[in-house]
Amino acid sequence: MTAALQLSMLGVGHAFAVAPEAAPPRLVRPTQVHGSRVIDAADCEAETEADAIVSVPGSIPVGIVTADCIPVLARTEGGTVVAIHAGWRGLALGVIEAGIQALADTAPGEAISAGIGPCAGPCCYEVDSPVLDALEDWHAGALSTAVRPSRPGHQWLDLPRLALAALSRAGVTSQSIGGVPEGCTVCHPAFESVRRDGAGAGRMLHWISPGEPKTKQYC
Ligand SMILES: [Zn+2]
């Protein structure tokens with residue numbers, strides 16, 4: 001795996017799609033379970049189950065791993081950060097909205113920037129009716145524009161489009177959302193992909209480091 005993508009708009013230390021061994025020192029990541037629970041880095045132990053993790057300025061880097069699911073890294077202007085893992089199950093449970101809400105609750109009133117990393121693209125992500133039914137409740141507005149027909153009972157699903165809609169619903173403005181251009185993990189051999197290589201595929205780490213704590217100014 002040779003990727004290691006960055007988005008200048010995020011401004012703090014981060015990388016999409018690196019080998020898990022390339023994690024920065026002290027990084028923590030939860031045990032991912034395709035849910036919508038968000039935890040704070042300070043509460044994260046090896047077995048802690050969650051799919052989004054927040055870290056405040058001056059604290060430690062956080063990350064999540066994927067191989068076709070959507071990685072979202074986001075920060076507030078004051079340097080509080082979140083790493084979110086969202087597959088179709090997480091999307092159906094609102095994990096992106098939950099992660100962004102946790103950022104907003106931790107650093108109220110601060111503008112938020114978010115980046116969507118490489119995931120399975122609409123060229124390669126075919127889903128069946130039960131998946132679409134699960135997504136229908138949460139994503140009713142965006143789902144019709146995020147699918148196109150494939151075989152009977154199946155559709156090609158545009159995961160990044162749903163992620164974009166979720167970020168926008170969570171209050172992140174479109175100018176503050178970025179994405180990596182070479183997006184589809186299944187098409188591009190630089191990425192790990194379960195759809196392409198099966199369950200034994202490797203995993204890609206996406207991490208983000210919080211900003212420095214604000215120091216008080218005395219005059
Ligand atoms: Zn593709």
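This is a short dialogue about reading the features of one predicted protein model.

Reader: What should I know before I start?

Author: This is a predicted model, where local features need pLDDT of at least 70 and side-chain atom pairs count only at pLDDT 80 or more, while totals for chains, interfaces and linings use all residues. Residues are numbered from 1 along each chain as its sequence is written, and side-chain values use heavy atoms, with hydrogens and water left out.

Reader: Let's start with the metal. Which residues are the protein donors of the zinc ion?

Author: Donors are N, O and S atoms within 2.8 Å of the metal (3.2 Å for Na, K and Ca); water is not among the atoms, so sites may look incomplete. Here the SG atoms of Cys-123, Cys-124, Cys-184 and Cys-187 do the job, 2.2 to 2.3 Å from the zinc ion. Along the chain these donors follow the spacing C-C-x59-C-x2-C. Cys-123 and Cys-187 link distant parts of the chain, 64 residues apart. Cys-123 sits in the loop between β7 (112-116) and β8 (126-128), and Cys-187 in the loop between β11 (177-179) and α5 (194-197). Those labels come from DSSP runs, numbered from the N terminus: helices are H or I with at least four residues, strands are E with at least two.

Reader: Why is the arrangement around the zinc ion called tetrahedral?

Author: Ideal angles at a metal are 109.5 degrees for four tetrahedral donors. The rule is that four donors count as tetrahedral if all angles lie between 85 and 135 degrees; four count as square planar and six as octahedral if opposite donors are over 155 degrees apart and all others between 65 and 115; anything else is irregular. The four donor atoms here subtend angles of 103 to 114°, so the arrangement is tetrahedral.

Reader: With cysteines around, how many disulfides does the count come to?

Author: A disulfide is a covalent bond between the sulfur atoms of two cysteines. The test is a pair of cysteine sulfur atoms within 2.5 Å, and by this rule the count is zero.

Reader: Is Cys-123 buried, partly exposed or exposed?

Author: Buried means under 20% relative accessible area, exposed over 50%, partly exposed in between (1.4 Å probe, protein chains only). Cys-123 has 41% relative accessibility, so it counts as partly exposed. Cys-187 is partly exposed too, with a relative accessible area of 41%.

Reader: On to the sheets. What is the strand order in the open sheet of six strands?

Author: Two strands pair if DSSP finds at least two bridges between them. In this sheet the order is β2-β3-β6-β5-β7-β11, with mixed pairing. The edges are β2 (38-40) and β11; each has a single partner strand, so one side of each lacks a neighbour in the sheet. Neighbouring strands are turned by 20° against each other on average, direction ignored. Inside the sheet, β3 (residues 52-55) and β6 (residues 81-86) pair in the antiparallel sense over four bridges, and Ile-53 stands opposite Ala-83 in β6.

Reader: Which strands does helix α2 lie across?

Author: Contact means heavy atoms within 4.5 Å. Axes are lines fitted to C-alpha atoms, for helices over the stretch in contact, and angles run from 0 to 180 degrees between N-to-C directions. Helix α2 (residues 95-106) lies across β2, β3, β5 (70-76), β6 and β7, at about 170° to β6. Helix α4 (residues 159-169) lies across β5, β7 and β11, and runs at about 170° to β7.

Reader: And the open sheet of three strands: what is its order?

Author: That one reads β8-β10-β9, with antiparallel pairing. β8 and β9 (147-149) are its edge strands, each pairing on one side only. The twist averages 40° from one strand to the next. Helix α3 (residues 129-143) lies across β8, β9 and β10, running at about 105° to β8.

Reader: Why is strand β4 described as largely enclosed?

Author: In a regular strand the side chains alternate between the two faces of the sheet. In β4 (residues 62-66), five of the five residues are buried, so the strand is largely enclosed by the rest of the structure. Val-62, Ile-64 and Thr-66 are buried on one side, and Gly-63 and Val-65 on the other. Five bridges join β4 to the antiparallel strand β12 (residues 204-208), where Met-204 stands opposite Thr-66.
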